[in-house]
Amino acid sequence: MKLAPLLARWGFDTARLQFTLRTALACCLAVLVAWLLGLEHPHWAGMTVWAASMPVRDHMMEKSFFRILGTIVGTLVGVLLVALVGQQPWWLVIGLAVWLGLCSGLGNLQRSFVSYGTMLAGYSAVMVAMLGTPSPDHLFSLGADRLLTALLGVVAALAVGWFYAQWQTTVPVAERLRQLSGDILDHMAKRLSGEPAQPAHATEAMLSEIADIDESLDPLGTGSVRARQSIRPLRALLSSQVSALLWLKRNQTVQPDEALAAQLKRAALALRSSDPLPSTPSAMARAIELSAGQTSLNDALRNLQAALEGLFSAPDTQTPVRPRAAVLHLDWVGAAQAMLRAAVTILIIGLIWVTTGWSGGPYMMIGASVMISIFSAFDNPAKMMRTVVLRGQVLGVIAALACHWLVWPFAQSELGMVLLMMPFILSGGLVAGYRRTMASSYDYNMIMLILLQPVYPLSGTFAGSLGNAIAVLLAPAVAYVAFRLIYPPTARSRMNTLIGVMLRELQGMASDHIAPARQEVLRRRLYHRLLKLVRWIDKAGEHRISALGGSLAVLDLGDVALRAQQLLHEPDITPATARRLQATLRRISNVRQEPQRVVRALELAATQLARESRQEAALLRVAARSMADNQAFFERPQNAAAS
């Protein structure tokens, strides 16, 4: 019987097992070479191998780079803090809490491996400071040891994994977006043909697919400056697709236009073919010409055409219309919460360590700093702590204690201790390739290695090792409590926060005049926030809220706020109309607190404008209807605060 089917029958993922066993071999190599070079903590080199190894070359390159950069910065900060505070542990704890909080907050504003490197700089400082405090005279050698082991681990990971890793490409995503653009144009054509309206879930499904693609773009932009540039036209196309879907959502019934519908169908058919050029540009150009009298549709088509040409044209081709760059959402609220959570947690653990003098305190500080920073960017960190991390760490502690007290006593030298570690390191490859344990394998390998520092002759007691192991296991427990009590991050809480941010921005638009250029930036950022909101709603399973409908209502209210401010500055505005518009702006500026009163204010202002035969009355009625249809969206911050 062949080995692969047998391993699959036993529960191993054979494709992943090849990668994890290669990584385990690279880990063994890194630990052995680090020991041969005389480094004090050779097991740190093995930890770096597990952190830097990736099956994709682009990811491996970028993660390795930021692994080294983060280690350098964190080591320097850790050494500097210990050098400055001397034998004053309280100031050391405060400095580490501030540094880790800043790194955690900044890391939550960044993306992909840049975020990883920033958070690593935070907990690397904690690691160097905590391990260097007992022997400040050897602090600089400890810092150098940390840097050299990280560099050696990266080199080993690249040397073993580079040949087998694959380059990534944006072609599949670009093709997926091309097909999706064809679907969207086809929906628009059917709407303009007077055909029966597509069910609402069809539009929502396309939006969900766009949001899924958006979430996959950050990893595609790793590895080089060119890779980062390659995803910009993809994001621009996503933004233009959101604009088209919002038009579909708003215009459920439109005046039939067969000529325009025919051109859109022609463009959709071309996009779905294997060679979209040159049929698509000519069809889109004709459709844009025919839609000149429909401002919102014309704008959506222009954006889509520019984005498509920017993505699929040759690099030296000048597109007639430059695509509008996407404006990305940054979660400032989540970043501030992550910063405070990390700082408070380390301060509390530091208080316990300083007041009790517990020898396991530094290990607890190190473990908690990793958990509270890295996992703050996860969808539901507390759940990860409970179901994945703690299980992996328990297994890692058991393996480390078994190696230390059942196997190492047979070693006759420090080299023998290093060699006797190898079967345990290789077991990490098996754990990572086994389907039932692969989710916990990273923690298994990291915790096992952090507890295995080969020093001959073997010293200490089992009780001491057990105490350090308990300190390590307490770290995820403390992080779990922190994630549950200090601004608990879940998909639902992130969804509520994002809705609150969108409404606060709307309130700002109603309170102050916004320049036209700023208006466009806010609109494009709302498009990206809409995609983020779709993902959080899907992950939270909150089906009572329509991300598309709610975002459209926010856009409509923003248009009302901007137009009302313009009307108030017109010389022919009557006092009665001015009072109604001012009342409407006040209501919109208080929409988070009293959303129910905004609809009534819009209706009254629309009635007043209609008496004066002003065309803006229709704009206000559309906004009132849009908001009334999405009351659950606007009431969400209130309900979340009450719960």
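Pro 457 sits in the loop that links H19 to helix H20 (462–485), and the peptide bond between Tyr 456 and Pro 457 is cis, with omega at about 5°. This is a predicted model, so that cis bond is a feature of the prediction. Moving along the chain, the loop between H20 and helix H21 (491–511) holds another backbone feature, at Tyr 487. Phi of Tyr 487 is near 45°, which is positive although the residue is not a glycine. As for its surroundings, Tyr 487 is partly exposed, at a relative accessible area of 40%.

Ser 112 also has a positive phi without being a glycine, this time near 55°. Here the setting is a helix rather than a loop: Ser 112 belongs to helix H6, which covers residues 112–132. With a relative accessible area of 29%, Ser 112 counts as partly exposed.

Stepping back to the whole chain, the protein has 27 helices and zero strands. Its C-alpha atoms fill a box of roughly 95 × 60 × 45 Å along the principal axes. The chain runs to 643 residues, and 52% of them count as buried. Taking contacts between residues at least 6 apart in sequence, 79% join residues at least 24 apart.

On confidence, the mean pLDDT of the protein is 88, and 96% of the residues reach 70 or more. One stretch to treat separately is residues 314–320, where pLDDT stays under 50. For that stretch the model has four contacts beyond four places in sequence.

Now to the helix packing. Two packed helices are described by the angle between their axes and the distance between the axes. Helix H2 (residues 14–36) and helix H3 (residues 42–52) have axes that come within 7 Å and cross at roughly 155°. That angle makes H2 roughly antiparallel to H3, and the crossing of the two is right-handed. On the H2 side, the contact is made by Thr 20, Thr 23, Ala 24, Ala 26, Cys 27, Ala 30, Val 31, Ala 34 and Trp 35. H3 answers with Pro 42, His 43, Ala 45, Gly 46, Val 49 and Trp 50. Sorted by class, the residues of this H2–H3 contact come out as eleven nonpolar, four polar and no charged.

H3 has a further partner in helix H19 (residues 441–450), with the axes 9 Å apart and an angle of about 170°. H3 and H19 are therefore roughly antiparallel to each other, the cut-off for that label being over 145 degrees. In this pair, H3 passes H19 in a left-handed crossing. H3 brings His 43, Gly 46, Met 47, Trp 50 and Ala 51 to the contact, while H19 brings Tyr 442, Asn 445, Met 446, Leu 449 and Ile 450. By class, the H3–H19 contact has seven nonpolar residues, three polar and no charged. Reading the two contacts of H3 together, His 43, Gly 46 and Trp 50 appear in the one with H2 and also in the one with H19. H19 also leads back to the opening feature, since the loop holding Pro 457 lies between H19 and H20.

Another pair is formed by helix H5 (residues 89–109) and helix H16 (residues 361–374), which pack at an angle of about 25° with their axes 10 Å apart. H5 and H16 are therefore roughly parallel to each other, as the angle falls under 35 degrees. The crossing of H5 past H16 is right-handed. Val 93, Leu 96, Leu 100 and Ser 104 of H5 meet Met 365, Ser 369, Ile 372 and Ser 373 of H16. This contact of H5 with H16 splits into five nonpolar, three polar and no charged residues.

Finally, there is Val 521, a residue of helix H22 (residues 516–540). Val 521 is partly exposed, with 24% relative accessible area. From C-alpha to C-alpha, Val 521 and Leu 238 are 15 Å apart in space, with their positions 283 residues apart in sequence numbering.

Terms used:
Residues are numbered from 1 along each chain as its sequence is written. This is a predicted model: local features need pLDDT of at least 70, side-chain atom pairs count only at pLDDT 80 or more; totals for chains, interfaces and linings use all residues. Side-chain values use heavy atoms; hydrogens and water are left out. Axes are lines fitted to C-alpha atoms, for helices over the stretch in contact, and angles run from 0 to 180 degrees between N-to-C directions. Helices (H or I, at least four residues) and strands (E, at least two) are DSSP runs, numbered from the N terminus. Angles under 35 degrees count as roughly parallel, over 145 as roughly antiparallel, 65 to 115 as roughly perpendicular and the rest as oblique. A crossing is left-handed if the near helix is turned anticlockwise from the far one by less than a right angle, and right-handed if clockwise. Contact means heavy atoms within 4.5 Å. Ala, Val, Leu, Ile, Met, Phe, Trp, Tyr, Cys and Pro count as nonpolar, Asp, Glu, Lys and Arg as charged, and the others, Gly among them, as polar. Buried means under 20% relative accessible area, exposed over 50%, partly exposed in between (1.4 Å probe, protein chains only). pLDDT is the predictor's confidence in each residue, from 0 to 100.
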